[in-house]
Amino acid sequence: MATLSSSPHCSSSPYYSNSSSIVFHHQQVVTLSSIRPQSFGPGRFSLRSKTKPNSIVVCMQDGAAAATISPIENETPLKKLTDGLLNIASPEDRKEAAAFDINRDKSSVSITVVGASGDLAKKKIFPALFALYYEGCLPEHFTVFGYARSKMTDAELRTMVSKTLTCRIDKRENCGEKMEEFLNRCFYHCGQYDSQEHFGELDKKLKEQEAGRVSNRLFYLSIPPNIFIDAVKCASLSASAANGWTRVIVEKPFGRDSESSAALTKALKQYLEEDQIFRIDHYLGKELVENLSILRFSNLIFEPLWSRQYIRNVQLIFSEDFGTEGRGGYFDSYGIIRDIMQNHLLQILALFAMETPVSLDAEDIRNEKVKVLRSMRPLKLDDVVIGQYKSHTKGVVTYPAYTDDKTVSKDSRTPTFAAAALFIDNSRWDGVPFLMKAGKALHNRRAEIRVQFRHVPGNLYNRTFGTDLDQATNELVIRVQPDEAIYLKINNKVPGLGMRLDRSHLNLLYAARYSKEIPDAYERLLLDAIEGERRLFIRSDELDAAWSLFTPVLKEIEERKITPEYYPYGSRGPVGAHYLAARYNVRWGDLGLEQ
């Protein structure tokens, strides 16, 4: 008789699998001994050898229950055990198991871009996938499928995609050859987003390309949020991987407020587990945002200073020097607070302010980010300034107002600019204002974090700076884009016989320091999704905490029909933003001549 004994070694961590697996429709997975762990879909459990030679472990997905089946005496060949397991399967199960060819020890990854004919897919997703292929980051066996409602052939898709592909500046060799190889792995399937039948047809095409290997499938939803659920339902029911992982990347916006976000999450979880959902915020893939934790936790000079004792305020600034210009249809439904502040800037704030995580594991990092968001003081309307750009003539050029956009209502109150003062009520950051501002049609394009330190107490050189102590403030600037850089503003003596002080920069300009081209954020995030790395993706409780912070003030703005303050196209934004900063004794760091 076989004996059962408890085993503590079950894990649901995702890995690439090079295993030989037999998959049954009733969701029991038999994995022969000598393989590595593998993640499975909801409700499945696996039989595998992990702790003892020639034994098999029964492991629930959540790792909560496990048992080891010891080999039957005098029946050690695994073939007998496998045959016995096959005998309990249905004829359909056995047919599917028999379909595996001699390549079944190799895994494949199929990446389906849902909404392949859209701008995001053409400008970002396909180029990022090619860059990963060019750098040798994709698995040996991979396929890229475009899925959309547009009528298109494989050849037409390849022609469309080829127009947007570029090779790395520092690795141009064999560019044309690599491009051709990548395009040959790109295919297209025309279908409706709410059709299980069409996704079933896609499933057949995917299986042809997978050629009997262990199949892993990634779906990128590059589609409007109102059809997320239909697409997820059809993909889950008709095109999930039969014997590997299935993951779905969901683009923002993740709802408009707490209620709609919760409803979206609930609907997604009808068809997917939380660890299958990858909510993408491409700003978290930016090189300088990725570098935040390294800068702080691996440099002794910064960690002791990272608190209310030394930091006076933190500024998170996002500005664009262009307006909506014909693309205002989407923006008018959401506005700058939902589009930029609630996700991009708040995510950066959480990474900046979090405590040291237990490890670099995704869940440990995301746990610390959630703690920051839950510690934040409720945002009040008095701490928010909203604006909208108006027409402005400069020289012979007249720049349009937001409401001049034909896709925007003439009486729209949607803010194109917002500034807010936020506070984290914990022991590290109590009383430190975190000021955010984001806007379109401003005087320049930038995204940066500015950390202004406190004044030196009893500074011997105050007389040199006069009454403007801000001139003497040390400031750490992390420029996310453009021209990525990290620089520290310090006070320094100007060479000469006199005693004259100057503000100087200790500057790390990435373009000067590193010859390698910085990868696009989508490259990093797509690679992480393929590898199952979740630390740069947003968890559902993190999303809930972010929306709970902004939803009350958003509703108040809309219910009271507050008119935004108008500012000229190409200016530094509404005057109200300066009054907001001054209320907390702060001066915006990007407004001076020397920035």
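**Around helix H12**

Colleague: Which helices do the buried residues of H12 pack against?

Modeller: Buried means under 20% relative accessible area (exposed is over 50%, partly exposed in between; 1.4 Å probe, protein chains only). Packing here rests on contact, meaning heavy atoms within 4.5 Å. The partners for the buried residues of H12 are H11 and helix H16 (540-559).

Colleague: What kind of model is this, anyway?

Modeller: Residues are numbered from 1 along each chain as its sequence is written, and side-chain values use heavy atoms, with hydrogens and water left out. Local features need pLDDT of at least 70, side-chain atom pairs count only at pLDDT 80 or more, and totals for chains, interfaces and linings use all residues, since the model is predicted.

Colleague: How far does H12 reach from its first C-alpha to its last?

Modeller: Helices (H or I, at least four residues) and strands (E, at least two) are DSSP runs, numbered from the N terminus. H12 covers residues 362-374, which makes 13 residues. Expected span is 1.5 Å times one less than the number of residues, and that gives 18 Å here, close to the model's own reach of 18 Å.

Colleague: Is strand E20 largely enclosed or open?

Modeller: E20 spans residues 475-481. Seven of its seven residues are buried, so the rest of the structure leaves E20 largely enclosed.

Colleague: Which strand pairs with E20 over six bridges?

Modeller: Strands pair if DSSP finds at least two bridges between them. E21 (residues 485-493) is an antiparallel partner of E20, over five bridges. The antiparallel partner over six bridges, with Ile-449 opposite Ile-478 in E20, is strand E19.
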